[in-house]
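Work through the exercises below with the sequence and the coordinates open. Each task is followed by its solution.

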Amino acid sequence: MERKIVLITGATSGFGWATAIKFAEHNYNVIITGRRQERLEELEQIIKNTYEVNVLTLQFDIRKKEEVNSAIGSIPHAWKNIDVLVNNAGLALGLSTIQEGDINDWEIMIDTNIKGLLYISRGIMPGMVERNSGHIINIGSVAGKEAYGKGNVYCATKFAVDALTKSMRIDLLPHNIKVTSICPGLAETEFSLVRFKGDAERAKVPYANFEALTAEDIADVVYFTASRPAHVCLNDIVITPTAQANAHDSFRKPVDNSK
Ligand code: NDP
Ligand code: 8X3
């Protein structure tokens, strides 16, 4: 049987990296994308050394529509029938009140998390429509379900992902295309290092005294979602660590300073 094909954006780290490995483990040919070419090559080698599947790397900045279009245009014929698109590339930049927000950070988040997702989806959806088959999995966030203090623009971008997921599901309904959003809570990846612009000490804080989700936890759910029977579409999945109830309420173990 012909192998299925998955395209994962933001596969150079975190959820995307783990998701690429998970789909390869399940015999998918994988298209991995991101800006960091050396990471793409490293992941390609890991997958090829471990699984008997094919890997295609596409290096581009998802904020740049010409780069996205040219990457999509460069996909060889044998790779064109993409079964699953995982819209994962994204980031938060900064954590500050809206009145003190950095406009440049806002633009990068909007360009990546909303416009980037739209650019790649616009390139891939027509093929799915033509084949009357496909699955789009958008990585949202608990931040797209409830706004939290200082989250403002990041939360807004993830609310947009939520709205786009719902809209895609409606518009793609006649074309037999599944659309899912997966909305994680706190997960330990490079996310906080990016949010705090390389400040490793500050990046540790969200995960202190707390068992966060791992990238593999999310990859499991992404694959589970993609592997349901043809007539089943999981619409919206919120997944948090057991110690987190929502975007606001987390339980952190008290620190024992007596030892
Ligand atoms: P990471 O920082 O580990 O990974 C982010 C990925 O996005 C990288 O592969 C990065 O690749 C890619 N990316 C970022 N900007 C661009 C760009 N301009 N062009 C192309 N690719 C880009 O974070 P996570 O794995 O945690 O995050 C993945 C997704 O999950 C994001 O959408 C995030 O908002 C969401 N999320 C994360 C949570 C968490 O707690 N970690 C919780 C809920 C949602 P490169 O830098 O090589 O371009
Ligand atoms: C990432 C989770 O709570 O840091 O989307 O915004 S949170």
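**Exercise 1.** How do the residues of the shell around ligand 1 divide into nonpolar, polar and charged?

Solution. This is a predicted model: local features need pLDDT of at least 70, side-chain atom pairs count only at pLDDT 80 or more, and totals for chains, interfaces and linings use all residues. Residues are numbered from 1 along each chain as its sequence is written, ligands are numbered from 1 and chains lettered from A in the order in which they are written, and side-chain values use heavy atoms, with hydrogens and water left out.
The shell divides into 12 nonpolar, 12 polar and six charged residues. In this scheme Ala, Val, Leu, Ile, Met, Phe, Trp, Tyr, Cys and Pro are nonpolar, Asp, Glu, Lys and Arg charged, and the others, Gly among them, polar.

**Exercise 2.** Find N or O atoms of the protein that lie close to ligand 1, using polar contacts (pairs of N or O atoms within 3.5 Å).

Solution. Start with Ser 13: an N or O atom of its side chain is 2.5 Å from a ligand 1 oxygen. Next, Tyr 154 places a polar side-chain atom 2.7 Å from an oxygen atom of ligand 1. Finally, a backbone N or O atom of Ile 62 is 2.9 Å from a nitrogen atom of ligand 1.

**Exercise 3.** Classify the ring pair of Phe 23 and Tyr 223.

Solution. Rings of Phe, Tyr and Trp (its six-membered ring) pair if their centres lie within 6.5 Å; planes under 30 degrees apart are stacked, over 60 edge-to-face, the rest tilted. The structure holds four aromatic pairs. For Phe 23 and Tyr 223 the centres are 5.2 Å apart and the planes at 80°, so this pair is edge-to-face.

Definitions and conventions. A polar contact is a pair of N or O atoms within 3.5 Å; within protein, one must be able to donate a hydrogen and the other to accept it, and residues adjacent in sequence count only if both atoms are side-chain atoms.
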